[in-house]
Amino acid sequence: MSMTAHNARKALMRLKNETSAKIMDMQIHLPESAGVNRRREVGDQMAAAIAGYPDELTDLTPDERVAQLKAAFQDPVTRESAPVIWIPQDAAGISENAVAQSKKYGRFLQYSNDGAYLTARNKCEVTQPAPDTRPDWLLDWVL
């Protein structure tokens, strides 16, 4: 190997090390992005939700055990309430009409326009969680 190639490799290695050190120094002084902070917040919320879940063993009577086993192996479609079709409110009143017409279908077909509306530019704005959202599905509702 010639001395020139060896010197070039040494110079490149030195440049790489200096550049890496400068980049690391710059990253230490840069503020964290909002995405990283939001991921941490969501992770903390999930950890709190999991930590708050009651996982103690309970003593069940034989009747309670049978009832829980029946519910555990039952198809969720048969035990959950019917989903709600969530449409935004609009100035023309079409959503109000759809909600009123869906009442004749009873519990099998439900519409709701609570908590969502269309802006003047036809963008959907949401002000609350969906009507069929269970509280245990939400970690933190931020508007």
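This passage describes the overall fold of a predicted protein model and then three of its residues. Because the model is predicted, local features are reported at pLDDT of at least 70 and side-chain atom pairs at pLDDT 80 or more, while totals for chains, interfaces and linings use all residues. Residues are numbered from 1 along each chain as its sequence is written, and side-chain values use heavy atoms, with hydrogens and water left out.

The protein chain contains five helices and four strands, where helices (H or I, at least four residues) and strands (E, at least two) are DSSP runs numbered from the N terminus. Along the sequence, these elements are arranged as α-α-α-α-β-α-β-β-β. Of the 143 residues in the protein chain, 7% are buried; buried means a relative accessible area under 20%, exposed means over 50%, and partly exposed lies in between (1.4 Å probe, protein chains only). The exposed surface of the protein chain comes to about 12,400 Å², and carbon and sulfur atoms supply 59% of it. These areas come from the Shrake-Rupley method with a 1.4 Å probe, and for residues only the protein chains shown count as cover. Among contacts (heavy atoms within 4.5 Å) with a separation of 6 or more, residues 24 or more positions apart account for 50%.

A good place to look more closely is Val-84, which belongs to strand 1 (residues 84-86). Val-84 counts as buried because its relative accessibility is 17%. Leaving aside neighbours within four places in sequence, Val-84 is in contact with Gln-110, Tyr-111 and Ser-112, and also with Pro-131 and Asp-132. The C-alpha atom of Val-84 is separated by 9.2 Å from that of Thr-133, a residue 49 positions away along the chain.

Asn-113 sits in the loop that joins strand 2 (110-112) to strand 3 (116-118). With a relative accessible area of 6%, Asn-113 is therefore classed as buried. The Asn-113 side chain forms a polar contact of 3.1 Å with the side chain of Glu-96; such a contact is a pair of N or O atoms within 3.5 Å, where, within protein, one must be able to donate a hydrogen and the other to accept it, and residues adjacent in sequence count only if both atoms are side-chain atoms. Not counting residues up to four places away in sequence, Asn-113 touches Trp-86, Ile-87, Pro-88, Gln-89, Ser-95, Glu-96 and Val-99.

Asn-122 completes the set, in the loop between strand 3 and strand 4 (124-126). At 60% relative accessibility, Asn-122 counts as exposed. Although Asn-122 is not a glycine, its phi is positive, at about 60°.
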